[in-house]
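Q: Please take a close look at one salt bridge between the chains and describe its surroundings.

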Amino acid sequence: MSVTAGVSDTALAVRDKLRGKIGQTKVKRYWPGKAPDFPEGAVRPERVDDSDEDGDIVMARADALEKAFPSRDSYFDVGAARKDDPRLRRLAESRIDNREEVRADHRRIRQAEIVSTEEEEREEHMEAEEEDEDALEERRRRIKEKLRQREQEEVALLPEEEEEEAEEEEEEEESEYETDSEEEMTGMAMVKPVYVPKGERDTVAERERIEAEERAIEEKARKKLEERKIETKQILVEKIQEEEMIQKNLEMEANIADVDTDDEVNEAEEYEAWKVREIARIKKDREDREAMVKAKEEIEKVRNMTEEERREWERRNPKPAPPPKQKWRFMQKYYHKGAFFQDQGDDRSATAGTDEIFKRDFSAPTGEDKMDKTILPSVMQVKHFGRSGRTKWTHLVNEDTTDWNNPWTFNDSLRSKYNAKMAGMNAPIAKPKGSKKLKDWERK
Amino acid sequence: MANPITDPSVKSITGTNPENLEEKILLDKAMETTYWKEQCFDLTTETLVDKAMELDHIGGAFGGNREPTPFMCLLMKMLQIQPEEDIVVEFIKNEHYKYVTVLGAFYLRLTGTDVDVYRYLEPLCNDYRKLRLIASDGSFVSTHVDEVVEELLESGYCCDVALPRIEKRWTLENLGLLEPREKSSVLEGYECKEERKRKWSKMMDN
């Protein structure tokens, strides 16, 4: 690998150019057909063979390119590869006799042209008859007859058109074939006149296509107009909004003047107003302090009380009784109140406090709970009836699935005898009375 | 600091970038205003004073778009450049320009310690100069310096800016960091009144 593997080619080229290694490439204009200026040392083409001319020019050009831009990849010979390119070789060796004709053919514009009208066709038809050889004449006669027949039948019967068209197609094909061969032989443009019905005429189709295009263009123009309209409307709306804003700002300017902040005016009044405010502030401050002091004192007092005093005090100032608990309904859903924002903030400047909604009774039935679930069949007495994977576990006795019809579980006299003999079934278990010794201990 | 505009040598206040003291949305909006872009771009403390002297109203965000006022923009600029305390105190103590006073007071409330806040803002409670306040709907309202200062001290929210928490005066007094409020004439008058009231009620009880 060469050292320059990581650097881009362009970078290298630029570097070399700057260092003067590569001369400035002057690209000469290319004229088709004109022999290019070959640099010195290039192999001039030998004008020996007409057919070789093209190939050699190609080769010479390749050489020139090689000289101007020496290839970089040194580990395989690209120069040789170019010459060995099978395509170039093929081009050089190709022997098309009439290259000019082929080129002319390439350049011929292919578009629909009116091949023939009915009258022309008939005329040509006559002409063709005269000039052809016998074999072709016969064919033509046949076709002519068919044509005539068709013309007669056309007037009479319409639905037979399909057959006619099929015939015509065949004939057209034949005629085209014939016309082609004609061209070859005579060199004059002789087109076999065949009637083309309206539906198959290229010219008509083309006209329609052109019309369709025009319509499409009109549509586009109309759409553009509409879009323009919408755009202008939007611009209008924006402009109006801007103007409103400007209006507002102007009003604002006016408002500034409204509010008079001149301090000299009504000094005495101002002072009075301030005094009122100040007193209010002081009052508030005082109250806050007193409340705080009071709360602290009370806490201290209660802490220092003895038991009896405490009881008395509690009796006198009972704690606010919790709201009486409501009895919940059958299968009532439990909603948690939430742990935050339950109390009013202590601070006057607190920003978070309780909301009215927390004062509601949270054990009241809501929505689904209002329906009495006991009347439902036991299958439906479940939370989220209809969902999979939910079972309502009631209690052990309810969930008991023992089959009481079994002989060994059947409750009859035999069973009861057995039960009586089992431990713990006879007398109720007595609770321990407690020893005397222990009792004395307590009393002491 | 996260915001490249803020001076990297700036101290952090309450543990965060001082710019975070204002709400992000308000901050972004203020930086978008023409006032900011035209005039606030390379302000230093001195030039900021000139701008502050030109103020003629205070307020937070107004209008349907919640556009910040120039007052807000200057406040944010101050937060960015962080002038020293002496300068801020100078702002507050100046006699001629009330809006400069308010600006300084606001800045101190945001960035100063509890003791400083009480010490410098309380004298302003005696200042009853009128101010123009722009309400949230864009209309102008008349207010006073002492009202604004009261809001700064008592409530936690002023001019659409959430103020950092400071201790109650009571707590600071108990800690011995502050002296109780000096008795102004009004206070004395009030106390006299209270005394009389109490005596009267006592007499009535008896």
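A: **The salt bridge between chains**

A:Arg277 is buried, at 14% relative accessibility; buried means under 20% relative accessible area, exposed over 50% and partly exposed in between, with a 1.4 Å probe and protein chains only. The model is predicted: local features need pLDDT of at least 70, side-chain atom pairs count only at pLDDT 80 or more, and totals for chains, interfaces and linings use all residues. Residues are numbered from 1 along each chain as its sequence is written, chains are lettered from A and ligands numbered from 1 in the order in which they are written, and side-chain values use heavy atoms, leaving out hydrogens and water.

The side chain of A:Arg277 forms a salt bridge with that of B:Glu147, at 3.4 Å from N to O. A salt bridge here is a side-chain nitrogen of Lys or Arg within 4 Å of a carboxyl oxygen of Asp or Glu. This pair crosses between chains, from helix H10 (residues 267-304) of chain A, which holds A:Arg277, to helix H8 (residues 145-154) of chain B, which holds B:Glu147. Helices (H or I, at least four residues) and strands (E, at least two) are DSSP runs, numbered from the N terminus. B:Glu147 is partly exposed, with a relative accessible area of 29%.

Salt bridges with shared partners join A:Arg277, A:Glu278, A:Arg281, A:Lys284, B:Asp146, B:Glu147 and B:Glu150 into one network. Over all chains, the whole structure has 20 salt bridges. Chain A itself has 13 helices and 0 strands, and 13% of its 444 residues count as buried.
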